[in-house]
Amino acid sequence: MIPAILTGVRLHMKQASRNPFDLSGVIVWPILYASIAYYLLDAKHEPKLLLSASFGASVMLMWSMVVIASSGALEQQRWQGTLELVVAAPTPLTAVIGPICIGGALVGTYAIGAVLLWGAVLFDVPVHIEHPLAFALAIPAAALAVGLLGLIMASTFVLYRAAFHLGIATQYPVWIVTGLLVPLSLLPSFVRPISWLLAPTWGFRGLHEAALGGTPWPDIGMCLVLSAAYLAIGGTFLVAFEYVARARGSLRLT
């Protein structure tokens with residue numbers, strides 16, 4: 001199963017690097033997200049706040065790439081009539097869809113370098129990483145956790161035919177609940193416990209703490225713990241929803 005997952009991640013990253021839609025998103029979206037955040041904050045005299053906004057924009061793109069890649073891939077397989085073959089194959093569905101999600105998150109890590117460079121060149125955001133080793137480990141830990149959270153979402157995409165629309169709709173709620181768009185302190189108190197269950201919260205905090213001189217290791221550890229939990233939950237959901245989709249005959253478009 002592990003060789004299948006590694007091969008799938010490599011294949012989907014290669015595919016994303018040649019897809020015009022994915023390329024445009026990876027190149028343009030992080031710059032747009034970061035620019036909007038810089039102008040909204042208007043914190044020219046608070047460089048740490050602008051640097052924090054850069055990491056928020058990066059994790060936003062990471063989540064977008066995951067849900068768009070997974071929902072788009074399943075939608076295409078439905079259109080092409082190959083989803084039934086994928087489900088019927090002896091390879092577990094987790095090993096097929098999981099690499100799509102993880103590959104999308106890894107492609108999204110490009111956003112970290114892009115927004116830092118964009119901020120430094122155009123907005124004079126000082127780029128200084130306090131803990132380089134922790135920062136280097138926080139990036140793949142965040143990508144893995146965000147990707148496997150996408151695996152849980154992807155299990156619902158198997159069940160519903162409008163997978164791509166559902167994937168697009170999940171972007172903004174996650175951005176808001178995890179504090180990437182609005183500080184959690186400004187949201188209702190019941191939102192904070194929900195944010196603790198979502199990987200973008202800890203991925204952002206890990207990058208933030210590693211760059212600005214905090215304590216990133218608990219956040220990186222939470223990313224790894226959540227990754228294991230997401231893998232178990234996502235795999236269970238995929239088996240259950242695959243059974244329901246077979247019973248309903250909803251794997252095909254017609």
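**Notebook: a look around a predicted model**

I began with Ser195, which is buried, with a relative accessible area of 0%. For my own reference, buried means under 20% relative accessible area, exposed means over 50%, and partly exposed is in between (1.4 Å probe, protein chains only). This is a predicted model, so I noted that local features need pLDDT of at least 70, side-chain atom pairs count only at pLDDT 80 or more, and totals for chains, interfaces and linings use all residues. Residues are numbered from 1 along each chain as its sequence is written, and side-chain values use heavy atoms, with hydrogens and water left out.

**Entry: Ser195 and its surroundings**

I found Ser195 in helix α10 (residues 191-196). Helices here are DSSP runs of H or I with at least four residues, strands are runs of E with at least two, and both are numbered from the N terminus. Next I asked which residues Ser195 touches, not counting residues up to four places away in sequence. My list reads Val177, Thr178, Leu184, Thr201 and Trp202. Contact means heavy atoms within 4.5 Å.

**Entry: three residues of helix α7**

I then moved to helix α7 (residues 132-159), where I looked up Ala138. Ala138 counts as buried, at 3% relative accessibility. Beyond its neighbours within four places in sequence, Ala138 is in contact with Gly206, Leu207 and Ile220. I also checked a pair of C-alpha atoms: those of Ala138 and Thr215 are 12 Å apart, with their positions 77 residues apart along the chain.

Phe135 is in helix α7 too. At 10% relative accessibility, Phe135 counts as buried. Leaving out residues up to four places away in sequence, I saw Phe135 touching Phe55, Ile112, Ile129, Leu207, Ala210 and Ala211. From C-alpha to C-alpha, Phe135 and His208 are 8.6 Å apart in space, while in sequence they are 73 residues apart.

Ala143 was my last stop in helix α7. Is Ala143 buried or exposed? Ala143 counts as buried, at 0% relative accessibility. Its contacts, apart from neighbours within four places in sequence, are Met62, Ala105, Leu106 and Thr109. Ala143 and Ser227 are 84 residues apart in sequence, and their C-alpha atoms are 9.7 Å apart.

**Entry: Thr109, between two helices**

Since Thr109 came up in the list for Ala143, I looked it up next. Thr109 lies in the loop between α5 (93-108) and α6 (110-122). Its side chain reaches the backbone oxygen of Leu106 at 2.4 Å. I wrote down the rule for such a polar contact: a pair of N or O atoms within 3.5 Å, where within protein one must be able to donate a hydrogen and the other to accept it, and residues adjacent in sequence count only if both atoms are side-chain atoms. With neighbours within four places in sequence set aside, Thr109 is in contact with Met62, Ile139 and Ala143.

**Entry: a salt bridge**

How many salt bridges does the structure hold? I counted 1 salt bridge. A salt bridge is a side-chain nitrogen of Lys or Arg within 4 Å of a carboxyl oxygen of Asp or Glu. The partners are Asp219 and Arg205, with their closest N and O atoms 3.5 Å apart. Asp219 sits in helix α12 (residues 217-248) and Arg205 in helix α11 (residues 199-212), so the pair ties together parts that are 14 residues apart in sequence. Asp219 is buried, with a relative accessible area of 4%, whereas Arg205 is partly exposed, at 37%.

**Entry: cysteines**

I looked for disulfides, meaning pairs of cysteine sulfur atoms within 2.5 Å, and the structure holds 0 of them. Cys101 is in no disulfide, and the nearest cysteine sulfur, that of Cys223, is 16 Å away. Why is there no bond for Cys223? Its sulfur is 16 Å from the closest cysteine sulfur, in Cys101, which is too far for a bond. Cys101 is buried, with a relative accessible area of 0%, and Cys223 is buried as well, at 2%.

**Entry: a nonpolar patch**

I finished on the surface, where Leu23, Ile27, Val28, Leu32, Ile36, Leu40 and Tyr110 make a nonpolar patch of about 660 Å². Helix α2 (residues 20-41) gives the most to this patch, with 6 residues. Leu40 has its place in helix α2 and is exposed, with a relative accessible area of 72%. Patches are made of residues with over 30% relative accessible area and no salt bridge; like charges are joined within 9 Å, and nonpolar side chains (Val, Leu, Ile, Met, Phe, Trp, Tyr) within 5 Å. Accessible areas come from the Shrake-Rupley method with a 1.4 Å probe, and for residues only the protein chains shown count as cover.
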